[in-house]
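I opened my notebook today to look up a few things in a structure. Here is what I went through, step by step.

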Amino acid sequence: MEIINWRNEFSVGVAEMDEQHKKLIGMINRLIEEQHNLTDQKTIAELLTEMTDYAQVHFRAEEYLMAEYGYDEKSNQEKMHQAFIEKTISFYSATDIGPNILSTALLDYLSTWLVSHILKEDMKYKEFFRSKGLS
Ligand SMILES: [Fe+2]
């Protein structure tokens, strides 16, 4: 599977959010790059947990800014963020045994979700935060 390459069009105009998106992309890229080397269930679970934990940190930071500046799509964003975490967790906690390989379906979901969330949803706040003087 292809890794995600950061492009300028991913920039949401708020440096802190761009940095967090880059870090999240980096964590997903690592999973993509090591998909076939990762066979230890415990390591896979740890890396996925690390990624979802960081995603939550990022989502909270984003939601905090939205609350602070009165962004009207905040509750919509919260729902999408929550759904992403739940779906990701359901991918690897569906059975008692857990996965012993990282499935392409999971990696494809992570990569597609993040890219389209940034480009379609987060991009909607770009002009809003810019008008509030954030950069
Ligand atoms: Fe985001």
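Which residues does His117 touch, not counting residues up to four places away in sequence? I looked it up, keeping in mind that this is a predicted model. The list reads Glu62, Gln77, Met80, His81 and Asp122.

**Entry 1: around His117**

I found His117 in helix H4. Its relative accessible area is 3%, and buried means under 20%, so I wrote down His117 as buried. I then checked one residue from its contact list, His81. The C-alpha atoms of His117 and His81 are separated by 9.3 Å, with their positions 36 residues apart along the chain.

**Entry 2: the iron ion**

Two names from that contact list, Glu62 and Asp122, turned up again when I looked at the metal. The iron ion is coordinated by His21 through NE2, His58 through NE2, Glu62 through OE and Asp122 through OD. These atoms sit at 2.1 to 2.4 Å from the iron ion. I copied down the sequence spacing of the donor residues as H-x36-H-x3-E-x59-D.

Why is the pair His58 and Asp122 worth a note? His58 lies in helix H2 (residues 41–69), while Asp122 is in the loop between helix H4 (104–121) and helix H5 (126–131), so the pair ties together parts that are 64 residues apart in sequence.

Next I asked what the arrangement of the four donor atoms is. Their angles around the iron ion run from 82 to 167°, which makes the arrangement irregular. To follow that step I needed the cut-off: four donors count as tetrahedral if all angles lie between 85 and 135 degrees. For my own reference, the ideal angle for four tetrahedral donors is 109.5 degrees.

Are His58 and Asp122 buried or exposed? His58 has 1% relative accessibility and so counts as buried. Asp122 is buried as well, at 0%.

**Entry 3: how H2 packs**

I started with H2 and H4, whose axes come within 14 Å and cross at roughly 15°. Angles under 35 degrees count as roughly parallel, so H2 and H4 get that label. Their crossing is left-handed. On the H2 side the contact is made by Leu48, Met51, Phe59 and Glu62, and on the H4 side by Leu106, Leu110, Trp113 and His117. I was pleased to meet Glu62, one of the residues that coordinate the iron ion, in this contact too.

Then I turned to H2 and helix H3 (residues 74–92), which pack at an angle of about 175° with their axes 10 Å apart. That makes H2 roughly antiparallel to H3. The contact includes Ala55, Phe59 and Glu62 of H2, and among the H3 residues are Gln77, His81 and Phe84.

**Entry 4: H1 against H4**

The axes of H1 and H4 come within 10 Å and cross at roughly 160°. I therefore noted H1 and H4 as roughly antiparallel to each other. H1 passes H4 in a left-handed crossing. His21, Leu24 and Ile25 are among the H1 residues in the contact, and Leu107, Leu110 and Ser111 are among those of H4. His21 is also on my list for the iron ion.

**Entry 5: two partly exposed residues**

Ser116 belongs to helix H4, and its relative accessible area of 28% makes it partly exposed. Glu16 is in helix H1 (residues 15–33) and is partly exposed too, at 46%.

Notes: Residues numbered from 1 in each chain as written. Predicted model: local features only at pLDDT ≥ 70, side-chain atom pairs only at ≥ 80, totals over all residues. Heavy atoms only, no water. Donors = N, O, S within 2.8 Å, 3.2 Å for Na, K, Ca; no water. Tetrahedral: all angles 85-135°; square planar, octahedral: opposite > 155°, others 65-115°. Helix = DSSP H or I, 4+ residues; strand = E, 2+ residues; numbered from the N terminus. Buried < 20%, exposed > 50% of the residue type's maximum accessible area, 1.4 Å probe, protein only. Axes fitted to C-alpha atoms, helices over the stretch in contact; angles between N-to-C directions. Parallel < 35°, antiparallel > 145°, perpendicular 65-115°, else oblique. Left-handed = near helix turned anticlockwise from the far one by under 90°. Contact = heavy atoms within 4.5 Å.
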